[in-house]
Amino acid sequence: MARLMKHHLFWPLTMLAGLLLFNLCYSPDFFSIQIRNGHLYGSLIDILNFGAPLIVVAIGMTLVIATKGVDLSVGSIVAITGALACMTLSKSSDQNGFAVVLLAIVISLVLAIVLGLWNGLLVSLGGIQPIIATLILMVAGRGIAQLITSGQIITVSSPRYNYIGAGSLLGLPFSVFIVLAIFITALLLTRKSALGLFIESVGTNSEASRLAGIRSRAILISVYAFCGICAGIAGLILSSNVSSADGNNAGLWVELDAILAVVIGGTSMNGGRFYLSGTLIGALIIQTLTTTIYMIGVPPEITLVVKAFVVLVVCLIQSEAFRKKIFERRKYRKYSDKAEVTRHA
Amino acid sequence: MLKKQYLPIIVTVALFMVMFVAGAFRYTGFFSLQVLLNLLIDNAFLLIVAIGMTFVIISGGIDLSVGSMIALTTMVSASLIQNVGWSPWVVIPLVLMIGATFGCAMGALIHYFNIQPFIVTLAGMFLARGLCYVISINTITINNTFYMSMAQTKIHLPGGNFISISVLIALVAVAIGIYVAHYTRFGRNVYALGGSEQSAVLMGLPVARTKILVYTLSGFCSALSGVVFTFYMLSGYGLHANGLELDAIAAVVIGGTLLTGGVGYIAGTFFGVMIQGVIQTIISFEGTLSSWWTKIVIGLLLFSFIVFQRIFTTRRSSRRG
């Protein structure tokens, strides 16, 4: 039992189970999944479908946070890629053409990588604090997204493009498969090769890893580029789900939710250790929380208050100083006489 | 003689003057005292927030909760005045107290539990915004006579120009900020803390008190700014000042404060805010340029100032070493 509790997935899973249990008590048909026209319908499927962009962003964010960094610009990248893809589609004569859709996807993902590389270069070569380096793109990015869409909300009518975010495969939403593909790729790359270890060592001490022969800079740049491409894919899923691009509101606050998901998943903001599976569960917790709050019928904005307390509690549990204070007090209560004796001895 | 350490602030002031003069040459009616004063009128709340933010950043931290705190202040003031019918003389001190307490709590969490300021103030940001919606999800319009008169009173200056009461509050805040930063023990402790926390502890400086006070000050400044913002908007709304924390951080950085802490000037922040104001004014004078250019230009400025800072600091440290 003690070993089970020490497992890094114990608390996140307990939290998720608790949330689901609450939903079960509150509305028993929460778990019911129906089949309509060959698609699965139900709250659980909704959570997977609407949570997909967040999970994808959070996977990229996990690796960045593992290097002791943070990427604030993901929300802007989400907006930019969505805007660029929709713009490319709406400019073409045949919006549903396979080549056009492919082109739109490819150029927006290339742009997403470029933006990620830009962040990576600022952090690694420029030596600028990650918060600040990515803040630049966070501020300017929304402007760029609006520049691409000329401040309008662009709508496209392209069933092929729409498939990415709203289509379904084998009865499940297609976005779930995208998430799985990215998750498995990231997991294999980091855990079946030395890359994960390199990322953790750069996060622990970048200079020491460089001296040990790890190319810290290259690792940093590629991690930010990966985070960029993850944000880009999330942008495509989001914009294709609603068949439109909104430079102002697409992906708003997604960076905060992603950071929250990573932290809930047990990855420390201090870098040096990361849990992709934890992040996956963290993102699911956030999405379940949002769905639950919608279901209960309180104003969805109140989610923010709940999130605030979740962040605080998780951070307090992670904080060494906090644990030490709680732990020491207990120790003193138990062994107060002994402590007295040793002090006088 | 000019000291090297004043270089960033000189660049900021020069940039502000160049932009203003360029605007004056390009647009008729730009070069007037009133345009300059309008910069202050429209950015009074940003100025006040940025002062608190400067202290936080000089101490080596960051405060993301300021925008939400402004929204919460407008919301609490509006609901207490409109729905409960309290007097402004009770409400304003109360919201200032709330702001300071909020900041103090965040500071305590940051110091005693050693959690990153980024995360703590992020939670504070969520909490304050969420609390706005707990009060109401709609806009509450204020038609209290005191608030109306605060919003509409123009203080006439010689030459037919005018400023608002908010500008006076902001300028007093700047003056107090400069005094506190450069002429008090607390100010010097903040600089020491930002320079190196380890050394500050070893020197026996009151690190805990300073750190908590810095966030308290920032919370107080954002509440004060919220009061001024309420005068400006005459309403309370949960979406007020959305993303203002970024504007404030950008103003502080453009003003020459190093994000690593330990170096910075309140006066620089003043010009940082003014530069943002000038960009907005130029864009509105241009007419054909859309508002999103503001974001792009501010992003570019942020970038160039950060790179400039980077070069400046590496040169300084390499000379020392």
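**Exercise 1.** In this predicted model, classify the packing of helix α12 (residues 254-264) of chain A against helix α13 (residues 276-296) of chain A.

*Solution.* Start with the geometry: the two helices pack at an angle of about 125 degrees, and their axes are 7 Å apart. Next, apply the cut-offs: 65 to 115 degrees counts as roughly perpendicular and over 145 as roughly antiparallel, with the rest oblique outside the roughly parallel range under 35. The angle therefore makes α12(A) oblique to α13(A). Last, add the handedness: the crossing of α12(A) past α13(A) is right-handed.

**Exercise 2.** List the residues through which α12(A) and α13(A) meet, and sort the residues of this contact by class.

*Solution.* Take α12(A) to begin with: its side consists of D257(A), L260(A), A261(A), V262(A) and I264(A). Facing them in α13(A) are T279(A), G282(A), A283(A), I285(A) and I286(A). Sorted by class, the contact has seven nonpolar residues, two polar ones and one charged one.

**Exercise 3.** Identify the buried residues of helix α9 (residues 195-204) of chain A and name elements that cover them.

*Solution.* The buried residues are F198(A), I199(A), S201(A), V202(A) and G203(A). Their cover includes four helices of chain A: α3 (43-66), α8 (174-191), α10 (206-211) and α11 (216-242).

**Exercise 4.** Describe the contact between chain A and chain B, with attention to the side of chain B.

*Solution.* Count the residues: chain B gives 35 and chain A gives 33. Then locate the chain B side: α5 (117-135), α11 (244-254) and α13 (292-320) of chain B each supply at least two of its residues. Finally, divide that side by class: 26 residues are nonpolar, six polar and three charged.

How values were computed: Residues are numbered from 1 along each chain as its sequence is written. Chains are lettered from A and ligands numbered from 1 in the order in which they are written. This is a predicted model: local features need pLDDT of at least 70, side-chain atom pairs count only at pLDDT 80 or more; totals for chains, interfaces and linings use all residues. Axes are lines fitted to C-alpha atoms, for helices over the stretch in contact, and angles run from 0 to 180 degrees between N-to-C directions. A crossing is left-handed if the near helix is turned anticlockwise from the far one by less than a right angle, and right-handed if clockwise. Two residues are in contact if their C-beta atoms, placed from the backbone, lie within 7 Å. Ala, Val, Leu, Ile, Met, Phe, Trp, Tyr, Cys and Pro count as nonpolar, Asp, Glu, Lys and Arg as charged, and the others, Gly among them, as polar. A residue is buried if 20 or more other C-beta atoms lie within 10 Å of its own, exposed if 12 or fewer, and partly exposed in between; C-beta atoms are placed from the backbone.
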